[in-house]
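Good morning, everyone, and thank you for making time for this short talk. Please look at the sequence and the structure together while I speak.

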Amino acid sequence: MGMKTKIALGAVVGLVVIGAVSANSGDGGGDGKSDSRTSASAGEKSGDAKPDGRSDAKPAEDKAVEKASQADQFKAFVRKNGTAAEKDAVSHVTKVQGADEQNDILDAADVYTDFTGGLMGEGTGPANLIASAFADWKQSENGLVTVYDADGELLGNGEF
């Protein structure tokens with residue numbers, strides 16, 4: 001086989017591998033996911049009441065956690081399971097993104113805080129605690145959580 005043939009064959013194999021990985025990863029905003037959520041919501045609404053009048057509804061506490069933002073869910077988890085230092089660090093969390101959609105191929109979550117000053121500010125130490133608490137909350141084969149300050153500057157990151 002000539003050198004040009006080997007290069008062309010390598011390029012074709014590379015494109016096939018990239019196509020297979022991207023097909024398996026999805027874009028996270030596919031119609032299938034939103035349709036399943038919509039149909040599940042409709043099923044929950046219609047299945048709440050049984051013929052005998054009793055309700056199949058979950059306790060109010062469980063429903064509140066499900067409807068809460070990702071940041072509120074994360075804070076609730078740390079309040080229940082975290083150390084005192086983790087609880088203090090997580091009290092500065094203002095927003096969490098990407099924690100609800102995981103595919104174990106490349107999961108990325110962002111945690112925003114009210115700390116200021118970026119890497120040189122006061123939030124660098126607590127950012128490590130936040131990343132550690134996040135890893136306790138969510139598990140992934142290949143996840144990365146990134147913690148940002150109030151201005152969107154990087155404070156730290158960790159695997160989850």
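I will go through the sheet, then the helices, and then a few single residues.

Let me begin with some cautions: this is a predicted model, in which local features need pLDDT of at least 70 and side-chain atom pairs count only at pLDDT 80 or more, while totals for chains, interfaces and linings use all residues. Residues are numbered from 1 along each chain as its sequence is written, and side-chain values use heavy atoms, with hydrogens and water left out.

How many strands form the open sheet? There are four, in the order S1-S2-S3-S4, and their pairing is mixed. When I say strand or helix, I mean a DSSP run, numbered from the N terminus, with at least four residues of H or I for a helix and at least two of E for a strand; two strands pair if DSSP finds at least two bridges between them. Strand S1, residues 93-97, and strand S4, residues 154-159, are the edge strands, since each pairs on one side only. Direction ignored, neighbouring strands of this sheet are turned by 20° against each other on average.

Now let us walk across the sheet. S1 pairs with strand S2, residues 107-113, in the antiparallel sense over four bridges, and Gln97 has Asp110 in S2 as its bridge partner. S2 and S3, by contrast, pair in the parallel sense over six bridges, with Val145 in S3 as the bridge partner of Ala109. Val145 also has a bridge partner in S4, namely Gly158, and S3 and S4 pair in the antiparallel sense over five bridges. In the hairpin of S3 and S4, five residues lie between the strands, and Gly152 takes a positive phi near 85°.

Is S3 mostly covered or mostly open? S3 is mostly covered, with five of its six residues buried, where buried means under 20% relative accessible area, exposed means over 50%, and partly exposed lies in between, for a 1.4 Å probe and protein chains only. Take Thr146, which lies in S3, residues 143-148: because its relative accessibility is 10%, Thr146 counts as buried. Leaving aside residues up to four places away in sequence, Thr146 touches Ala109, Asp110, Val111, Leu154, Gly156 and Asn157, and contact here means heavy atoms within 4.5 Å.

Next come the helices. Helix H6, residues 124-137, packs on the sheet and touches S1, S2, S3 and S4. The axes of helix H4, residues 70-81, and H6 come within 10 Å and cross at roughly 90°; such axes are lines fitted to C-alpha atoms, for helices over the stretch in contact, with angles running from 0 to 180 degrees between N-to-C directions. H4 and H6 are therefore roughly perpendicular to each other, a label for 65 to 115 degrees, whereas under 35 is roughly parallel, over 145 roughly antiparallel and the rest oblique. Among the residues that meet in this contact are Phe74 and Phe77 in H4, and Ile130 and Trp137 in H6.

Finally, two single residues. Asp104 is found in the loop between S1 and S2, and its phi is near 60°, a positive value in a residue other than glycine. Ser132, in helix H6, is 27 residues from Glu159 in sequence, while the two are 8.2 Å apart in space, C-alpha to C-alpha.
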